[in-house]
Amino acid sequence: MAASASHSDKNYLNESSGIWSWLTTLDHKRIGIMYFISVLTFFLVGGIFALLIRLELFSPGKGLFTPDQYNQVMTYHGAIMVFMVIIPGIPAILGNFFLPLQIGAKDVAFPRLNLASWYLLMLGASMAVATMFLNKVDTGWTFYTPYSIRSSGSVVLMVIAAFIMGMSSVLTGLNFIVTVHKLRAPGMTMFRIPLFVWALYSTAILQVLATPVLGITLLLLVAERVLGVGIFDPKMGGDPVLFQHFFWFYSHPAVYIMILPAMGVISEILTTFSRKTIFGYTAIAFSSLGIAAVSFFVWGHHMFVSGQSEIAGILFSFLTMLVGVPTAIKMFNWLATLYKGSIQFQSPMLFALGFLFLFAIGGVTGIMLATIGLDVHFHDTYFVVAHFHYVMVGGTLMAIMGGFYYWFPKMFGKMYSEAAARMSFVFIFIGFNVTFFPQFILGSMGMPRRYFDYIPAYTQLNRISTVGSWMIAVGFLIGLYTIIKGLRSGAPAPANPWGSKTLEWTVTSPPPHHNFDVEPIVTAGPYEYR
Amino acid sequence: MSTDNHAHHFAHHFKNAEHEYQSSKEGIWLFMVTEILMFGGLFVGYAIFHSLYPEMFAEGAEHLDWKMGFINTLVLIFSSFTMALGIYYIQRDEKPKAVFNLALTILCGCIFMVIKYMEYSHKFHLGLFPGKWLDVAQTGAHHANLGLYYGFYYCMTGLHGTHVLIGMGLITWVLIRTLRGDFNPKYYTAVEGVGIFWHIVDLIWIFLFPLLYLVG
Amino acid sequence: MTWFNFAHASSFMPTEATNIAQQVDSLYGFLLIASGIACAILIGGMIYFAYKYKRRTSNDKTAYISHNTALEFLWSFIPLVIFLGVFGWGWHIYSQMRAFPPNALEVEVLGMQWNWEFQYKSGFSSDTLMVPVNRDIKLVMTSKDVLHSFYVPSFRIKQDVIPGRYTAIWFKAEKLGEFHVFCTEFCGTSHSGMLSTIKVVPQGEFDRWMEEKAKEHSEEGSLPLAQLGEKLFKGKACASCHSTEDATIKVGPSLFQKFGANENIEEIGSVVINEDYLKESILNPNAKVVKGFPKNVMPSFQGQLNDKQISALIEYIKGMK
Amino acid sequence: MANKHSNHEDDAHHIMPFSVYVKVASALFILTILTVSAHQMHLGPWAAPVAFLIASVKAVLVMLFFMHLKYDNLTNRVIFATGFFFLALLFAISAIDIWTRIAQSTVL
C-alpha cells in the first residue's frame, strides 16, 4: 500500500501499485477495470469464433471444418458471447465503475462480494475454456435435452461453468440492488438517479430473480448426465419441453439483462451530446421496470413450435406484444430528446445514434417474431439469428462501445483519438448491416440456423454476410487501437470533457480512491441542462 | 444514534453501524430469494410430474419410511428453534446461553444428516437408485419409470442435505466468532444472516417432508 | 390483399405452395410496410433532428422539455393497438395451422439422426414424402433419438419432433413440384444434412406410386441380397455419412474398397474389415471406431435390422470395388 | 431519502420475548403431528392439498417469527414475497402448457 495518500495527484489507479493490489482490491472502480480486461479478452475469443463461423459459411459444402468442429465453434461462440461477454458486459464493467459514482456513494454495498463475483466469473470462465481442451462441447449454448444428455462433449463441466458464472451474475445484481436502495447520497431521491442507474437497477432485479432458475435447470442437467434422473429425458418418462420452459424462464429475462443496461447508457449519451434534458424521465424509468417485470411472462415465445400447447403459445404471443410497448416508449422518448437539442457528433453520440438505427430494426423484427402465425415460419431460421444480432450486437455492443468512449476520459484520465474512434464506428456500423441484413432475407427464404452446410440457393447472401463480418473485425481492431493509443499517449482529460450533468463528472478524472472527498448533496435531477 | 461505545467498526462507505446492518440484511434477504427460486424449480418440476404420474409417485412414497422423515422434521424444527434462541441470547448479551444454543443447532444438524445417511444406505441396499440406475427387477417396481420419482427424491433431498451441511459450517463459523466475542446486541449481522439461512433450510424441509414421504 | 402485393416478397420468399403460405406472406407483407413506416419515423426523425439541431456554437441554449403527457400517451397507445391487431392476425393464421382437417391422409414421420423416414399406412416407408396435390395431409411425427424440427419453407409450417411423444402438423399443397424439408432443431453432427424432399404429384401419379411401393415392399423378400443391401443402404441414410464410390471422407470413413482391408482402431490397433467387424459396427458402432473419427456419432441399428438385412448390407459393402 | 430513511430506523432492534419462540416451536411440532395423522386418515384426493396447506401454515410461522419478518421493514418483506410470486408464475405457465396439450397418437 502506498503511504503518501496525502499527495494531491493520487487517484484510484495509482493509490497503490503492483498486481497484488489489483487482485485483492475492494475498490469498485478497479474491479470494473478488471472486468473490462477479462471481458475484452473473452470478446476477442468469441469474435474469432464468429469470424470462423462466417468463413465456413462462405461457400456451401465442407470448408474449413468438419461438421463436428463447426458445431463446437458455434457452441463456443454462443456460450462465450452470452455468458462471458454480454451478460457481464455493461453491468459489471460500466455499472461497477459508475453506479456508485452516479448516486454519490463511496462504493457498492458489499465490496468483498463484488470482488468475489469477479473471481467467480474467472473460475467459471476457466472451466468453460478448459472444456475446449477436453471434450469440446457441441450442444449449442442452449443445452437442449435430450441431445445434451447424449452428447459426448464435456457438458457437465461446461454446465457447471455456466452455473458458477450465473452465481457471479446473481451476486452482482444483489449488490447493485442494495447499493441503489441504501447508499444514495443525501438528496438523491429515486427520481433523481440517472437513467443508467434505473436501467442497472431493473437489470439487477432480473439477475436476482431469473438466474436461480437457470441454476437449478443446469444442476438438473448435471444430475441427468451423472445420475440419469430422467426429468428431462423422454426415455424415462421425462419431458424435454419442460427443460425449455425452465431454460427460457431464465434466458428470456437474460435477453433484457443484456439490453436494459444498454438502454441506460444510451439515455446518458443522448442527453449529454444534445445538451438537453431527457424527454420523459419517469416514462423511461418505469418502462425499464416494466420491461423487467413483463419479461418474466413471455419466455414461451422461444417455444412456439416446440410442442408446447396451442393455448400456451397464443398466451405467450399476446404477452410478448405487451413488452413491445415499453420498448416503443423508450424509442420515441429518445427521439423526442433530440428535438430542439444542440447535437454534437462525438464518437459516443455516433454509437448512440447507431444504436437507435439498429435497435429500431431489431425491434420491428421482434414484433414479427412475436406474431405466432409468422414465427412458425421464421423460428430457428436465420431471421432469428439476424434479429437477435441486431438487438444484441447492434444494440448492446454499440452501447458498450459508445459508453466506453463516453466514460473513457473519466476511467483513465486520458482522451482518445476522436478520428480513430469515428473510423471504428463507420466500419462497425456498415459492416454490421452488411453482415446481418442479408441474414433477414436468408431467414425469410428458409435457411435454418446452426447449419454447417446449406443449399446452393443461399450462397450469394451468405457471401455478402461473410464479407461484412470482416468489416466488423476491422472496426473492432481500430477500436482496440484507439483504446491502446489513448491509454498510452492520450492527452490528459479534464474532469468534465463533455459538459455532462451527472455526479461522476464532478470528481477528478480519474476519480480519487474514495470517489468523493466531500459527500455530495443533491438538489436537482440528473439532466438539468437549462 | 451513535454506536461508538461498541467495538464493531463499520465499513467506510456506510454512515453508521445501523446503516450497515440494514444494508446487509437486505442483501441477505435478496440471497434468500435466490434460494427459494432455485429450490422452487425442483418443486415446480415435482408438482408437474406428480400431476402426470400420480400412481407412480404414490408407489415411490410407499417405499419411503415416513417415520424417518417425521423424526427428521422434528429434529430440524427443534434446530430452528435453538437457532432463533441463539440470536435471542446474543440480542440480550447472554453469551454462554447463545453458545449453548448454537452448539445444539449444530448437533441437530448432525442428527439430521445421520438419519439421512441411514435412509440413503437403506435405499441403496434395496436398489432404489435415482433414474436409470434404479433396479426395477430387484425393487419389483410396478412403474418402469419409478426411477423418475427417485430422481426427484435424491435431487431434492440431496440439494437440501448440501444446504444443511453448508448451514452447519456457517453456524460453526458464527459460533467461533461468538466465542471470540465478536458479537454484541448492537452488532450480530452474521448470526442473523446465518439464522435466516438455517430457517430457509428448515422451511424447505417443511415442504419436502409431506410431499415426498406422505403424499407421494 | 393485392394492395401490398409488392411487399408480398415473392422475390425472396420461397414458393407459396399452400393457402396458409399466402396468408403468412400477406401478414408478413403488412408487417414489412408497417415496420418500414415505423423505421421511417424513428430513423428518419433521428436523421432529421440530427441535421436540424446540430450544434452551432459552443454555448447553444436548448429547450427544456421534460415531458408531454398527450404525446406520450399517443405513442404508447398507438403501438399497443397495432401490436394487438398484429397479434390477432397472427392468432387467426395460427389457429388455421393447428385446425386439423378431419379426413386428411395421415403419414407417420420418424425423425432420427440424421434423416427423415415417412411411413405410410400401407406398411412401407420412404425417404421422400410423396403426396397428392390438393389433398389434406396430416403428419404425425415422433423422433427416435433427440429433438428435431420438421420444416417446409414453401408451406410455411414447422413443428418440433420430440422423442417419446407424437406431435402433428398438416398441410394442403396446391402446387405441383418438389419442396425442401429441413431439420431446424439442432440435433448434432449432420444437423444440416438432415434434408428431405416433399414431392407433390397429381392424384393419379400418387396412386401409381403407392401401388409400386406396395409391390416392392412385398417383393423385398425375393430380391438378391446385394440389391436389398443397396436399398437398405439408401433407406437408412448410410450414404449421408459413408461414401461408396470413391475414398472421399464424409462424416464417417468411406466404405469403398474397404472390405478385406485393414483399418487402424484407437487402442486396439490394426483390424481386418470382415463380416464380423461390419456386423459389430452396425449393431454397436462405438465398439471399434476407426482412428481419427469421433465416437457416439453413428446410431446403433440394434433391433431395427434383422439378420437377413444385416447380411444384405454386408453383401452390398463387399461389392464396392 | 436514503439518509432520512435509515435515521429513523429503530436503533435498538426488536427483541421478541422468549415465550413467543416456545409457542411457535410448539405450534410447529403440533402441526407436524397433525400432518402425519391427516396422512393416516387417507383423505384421498384431499391428501395433497391438506398436507400442502399445513406445510404452508408452518412455513408462515417460521417466516414471521423465527426469521423475524413480522418486525422487519416493508422492503425485505416485499423482496421475499417476490420470490414466491415468480415461482408461482413459473409453475402456472408451465402447467398451463402441460395440462392443455392435445395428445396425438400414432396413425400406424
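## Confidence in chain D

Over residues 1–11 of chain D, pLDDT (the predictor's confidence in each residue, from 0 to 100) stays under 50, and the model has 18 contacts beyond four places in sequence for these residues, where two residues are in contact if their C-beta atoms, placed from the backbone, lie within 7 Å. This is a predicted model, in which local features need pLDDT of at least 70 and side-chain atom pairs count only at pLDDT 80 or more, while totals for chains, interfaces and linings use all residues. Residues are numbered from 1 along each chain as its sequence is written, and chains are lettered from A and ligands numbered from 1 in the order in which they are written.

Chain D averages a pLDDT of 84, and 89% of its residues score at least 70. Among the elements of chain D, the lowest mean pLDDT, 39, belongs to helix H1 (residues 2–7) and the highest, 93, to helix H4 (residues 74–99); helices (H or I, at least four residues) and strands (E, at least two) are DSSP runs, numbered from the N terminus.

## Two packed helices in chain B

Helix H1 (residues 17–52) of chain B packs with helix H6 (residues 146–180) of chain B at an angle of about 160°, their axes 11 Å apart; axes are lines fitted to C-alpha atoms, for helices over the stretch in contact, and angles run from 0 to 180 degrees between N-to-C directions. H1(B) is therefore roughly antiparallel to H6(B), since angles under 35 degrees count as roughly parallel, over 145 as roughly antiparallel, 65 to 115 as roughly perpendicular and the rest as oblique.
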